[in-house]
Amino acid sequence: MSNRVKRLIAVLVLGIFFIGLMGISLGASSTSSAGELRLATDWPFPFHGNPFGAGAVGGAWWFVYEPFAYYIPQSDEYIPRLAESWKIEKGKVTVTLRKNAKFSDGKPFTAKDVINSVNFIQAMWQWPYEIESVTAPNDYTVVFTLSKDAPQSFVHTILTDAAIPALAPYHVYSKWANQAKEVATLGKKIFAISSSGKTPDAQLKSTYDKKADDLRKQVNAFSPFKTLKRMPVVGSFEPTKITQSEMVLTANKYHWLYPKMKINRITFRRWSSNEFVWASLISGEIYAAHPNMPKDVVEQLTILNPSLKVKTTTDLSEIALVFNYQKPLFKDVNLRKAIAYVLDKSKVRDVAVWQASTCSPYAHGILKSMESKWISKDTLSKLTKYTTNAKMAEEILKKAGYKKVGSTWQQPNGQPVAFTLSVYGPHSDWVLAAREVVQQLNNFGFKVEMKLIPDGMRDQVMKSGDYEAAIEFGVTWQGYPHPYSGYLRLYEADLYNITKFPSKDKYSTPWGKFSPYDLTEQLRDVAQDKKKSMDVVQKLAYITNEYLPIIPLFEKVLPIYYSDKKITGWPAKDDPVWSLAPGGIERVYNLLITTGKLAVKK
Amino acid sequence: MRKKRFSNFFYDYVQPLISNKKSLVGSIILLFFILMATIGPMIVPLNMNSDFANRYQRPSLQHPFGTDYFGVDIFQQIVHGSRSVISLTLFASLFAVIIGTVVGVARGYLEGIGGKLLDAIITVFLVIPSFPALLILAAIFADTKLNTVEVALIVAIWLWAPLAKQVAAQVLTVKSREFVEASRMLNMGLGYILFSDIAKLLIPYIFVNFVTQLKSAMEFSIGLMFLGLAKFDPTHWGVMLNYALYQAGALYTPKGFHYPFFVILNIVLLIYGGILLAQGIEEVFNPKLRGHE
């Protein structure tokens, strides 16, 4: 081969190489197409399209699944989605399904899909056993019969949880339908026996374990994306192209709102880190996202990309200082009150999450954004206001027998007031809050050290009680925006399980002595009745504020950044629709797209 | 007698190091940081109270390195953090070097089952992924309050193996040299041959390694803090850097440029000082390099 030919081949190879590279890079940046909304999220890769598989469907969840209805907390309004209407009776919810709802492969959505989905989630997740049975009088009506222990708030879950109506379409998961029904029935039976205080039969338990394991193994391994080459969904968008760095969703042309939709494609970039999302928002690579962002970065962002707007909405949760009541130190309410007076919560908020709402000076267990709706002025006047006041803290401590020796406070038994504040390392805003809390308490004269809980070990550390004080979610209302959610967490469920606050003890209130546990149970039964709820909430608020099981630091907000450079139709900042964001911001985007509000700027 | 010995030590070791520019500059830098860690905190008071309104103040007489995202003086934090940075990283590197050298020299010299066994141990420590292992350690020691030396030992466990492997290779090349054969024929003990004949030749090499370990030791010690194993110290330079880059987003705003800059500057200076000293020592004591002068 002559040198000339060799050179020619080399040039050709190089040329092909560079053209290939250009192709790859162009493909990777996938230029914006008409009707596209660009967002950021996370998803499992390789993508399987199975909600029961590892990582489920990632951030595509609210685009691919529809609930019976969306609930807008701010306007207290239900917006029908897969349901046309519903009727709530004692222990029974009857839902009339939308007749023009179809899966993205054209198959109609019927009662059979709802029954199958409920069987599947009960079999795969052992939840929700509050649904005793689901029947279908006809193709477009489903009747949920609730167990006698189901709280009133569960009706809200049935209506608004996207898993219940169509997570396992019958025509996709029919192969395991009978198995799922059998496992769900056995699971409910065991649950009912356990709930009545009896021990389930060992044989029954072993049969259940075997059948449930067998089903889970098969269903978890199923990949609609691989087997069917697509993922038929009832939602407005179907995942169609998924790579490691990008997930593309294409509009479901059979969706009942498809004719109204002006956005026909969602492109997700992988949310690899907050910094990546900041950079993507600044460069205009994505059009909306909700990362936590330091104040100065936001200022820079508005200079570099003036088209970006920011709307903050409550995240329906608060961050709090929580105590381990198995440690004798924290059993003294005087110490807890002193801590509440020492802390400058505005400073904590500034360094942790500057956009968060300043916490209420009260610690009544109601989110500040909801205070006016749930706490009467009369009750507020009875509550102690915990504004920063070191002198008041000193007075309380001295009265209770504490002494300041040198620069350190000592307990009545002569031991220093010393403890460790644990905080989950990967939650950077919590770490910043902890740093500030530790600083303020040490300045006052307590001896507080900070300890980070390693990645993945939060549950283990907190549930095993291997901490003294910690930064944690305080009350949260995300699942069901009602005080019941917060008090349930505090006195019976998640937070109670880690703090062990003596919630069954009786505490004095202006209305008599009550235990917060009993009051929470009462609230559960009257949750749908605002007047009766209000009455119970006042007592719970008083106990929570005066006996301080936790000290709230700030109410979390969701900062939503959105660009109007390429997309128009974003709602006004005071539009109640934003309050749909906590627990699933994609619901807001989905609602705006399917009602034809969001559109590409021409 | 003692005076003479000191004088010999000075002329044999100290003077050559002073006359070498690299080792002189390196020593001055390291001395500066050691002084900073020992007497610095006594001279410079630390005020960690946050002052959000005064965040990202530019360097000035009042704040020589400016203020951070919390409005806290960066210079004060650098001075107070130097104590934990220097003690922890120096101890960890020292332990890693001691373990690596002893095991490496022994592995290089020993043959048969003993050698193979040591080889296997080195290989095991080389292949254990350090992060999952640290997670396990974090779970084991979650309740224990470890002191600096204990934390340094834990860090050293993950650093010594590469050095041992390299030292073993060096020893293998040295052990067949004439002077080692001579010691053997004179029936000198194994300890003498290993640590007087062989290890001496490796000193400059080991010292260079000691310095390069500083960076890894620093990274590991930060990892241990974030795993909750070591006591959390907000003034540790690694923690400061982490705050600057990941929590305060200092790289995304021109206002915050000085925040990571001064932390990085100090880390770089500390390691550069060590590298200069190591290079100087090698030039002074390695006959091959001296020959080129």
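This is a tour of a predicted model, moving from whole chains to single residues.

**Overall scores**

Before selecting anything, note that the model has a pTM of 0.80 and an ipTM of 0.75.

**Chain A as a whole**

Select chain A and show it as a cartoon. The chain contains 23 strands and 23 helices. Its C-alpha trace extends over about 95 × 70 × 50 Å along the principal axes. The radius of gyration is 27 Å, which agrees with the value near 25 Å that a compact globule of 602 residues would have.

Switch to a surface. About 25,500 Å² of chain A is exposed, and 53% of that area comes from carbon and sulfur atoms. Of its 602 residues, 55% count as buried. If contacts are restricted to residues at least 6 apart in the sequence of chain A, 70% of them link residues at least 24 apart.

Now colour by charge. Chain A carries 56 negative and 77 positive side chains, and the centres of these two sets are 4 Å apart.

**H255(A)**

Select H255(A), in the loop that runs between β9 (246–251) and β10 (265–270) of chain A. Is this residue buried or exposed? H255(A) has a relative accessibility of 3%, so it counts as buried. Display its surroundings as sticks: leaving aside residues up to four places away in sequence, H255(A) touches E66(A), R81(A), V234(A), G235(A), S236(A) and T594(A).

**R489(A)**

Next, go to helix α19 of chain A, residues 483–491, and pick R489(A). R489(A) also counts as buried, because its relative accessibility is 11%, and the cut-off for buried is under 20%. Which residues does R489(A) touch, not counting those up to four places away in sequence? One group is E472(A), F473(A), G474(A), V475(A) and T476(A); the others are D494(A), L495(A) and Y496(A). For a distance check, draw a line from the C-alpha atom of R489(A) to that of Y70(A): the two are separated by 23 Å, with their positions 419 residues apart along the chain.

**Two cis peptide bonds in chain A**

Most peptide bonds are trans, and most residues other than glycine have a negative phi. The remaining stops concern departures from these two patterns.

Select F45(A) and P46(A). The bond joining them is cis, with omega about 5 degrees. P46(A) sits in the loop between β1 (36–41) and α2 (61–64) of chain A.

Then select W127(A) and P128(A). Here too the peptide bond is cis, and omega is near -5 degrees. The loop that holds P128(A) connects α3 (111–125) and β6 (131–138) of chain A.

**Chain B: confidence**

Move to chain B and colour by pLDDT. The chain has a mean of 83, with 90% of its residues at 70 or more. Where in chain B is confidence lowest, and where is it highest? The lowest mean, 56, belongs to helix α13 (residues 287–291), and the highest, 95, to helix α3 (residues 40–43). Where pLDDT is low, the predicted coordinates should not be read in detail.

**Chain B: two positive phi angles**

Select Y56(B), a residue other than glycine with a positive phi of about 55 degrees. Y56(B) is placed in the loop between α3 and α4 (74–109) of chain B. With a relative accessible area of 6%, Y56(B) is buried.

Finish at N187(B), in the loop between α9 (178–185) and α10 (190–226) of chain B. N187(B) is not a glycine either, and its phi is positive, about 60 degrees. Its relative accessible area is 70%, so N187(B) is exposed.

Key
Residues are numbered from 1 along each chain as its sequence is written. Chains are lettered from A and ligands numbered from 1 in the order in which they are written. This is a predicted model: local features need pLDDT of at least 70, side-chain atom pairs count only at pLDDT 80 or more; totals for chains, interfaces and linings use all residues. Side-chain values use heavy atoms; hydrogens and water are left out. pLDDT is the predictor's confidence in each residue, from 0 to 100. Helices (H or I, at least four residues) and strands (E, at least two) are DSSP runs, numbered from the N terminus. The radius of gyration is taken over C-alpha atoms; the globule rule is 2.2 Å times the number of residues to the power 0.38. Buried means under 20% relative accessible area, exposed over 50%, partly exposed in between (1.4 Å probe, protein chains only). Contact means heavy atoms within 4.5 Å. Accessible areas come from the Shrake-Rupley method with a 1.4 Å probe; for residues, only the protein chains shown count as cover. Lys and Arg count as positive and Asp and Glu as negative; His and the chain ends are not counted. The place of a charge is taken as NZ of Lys, CZ of Arg, CG of Asp or CD of Glu.
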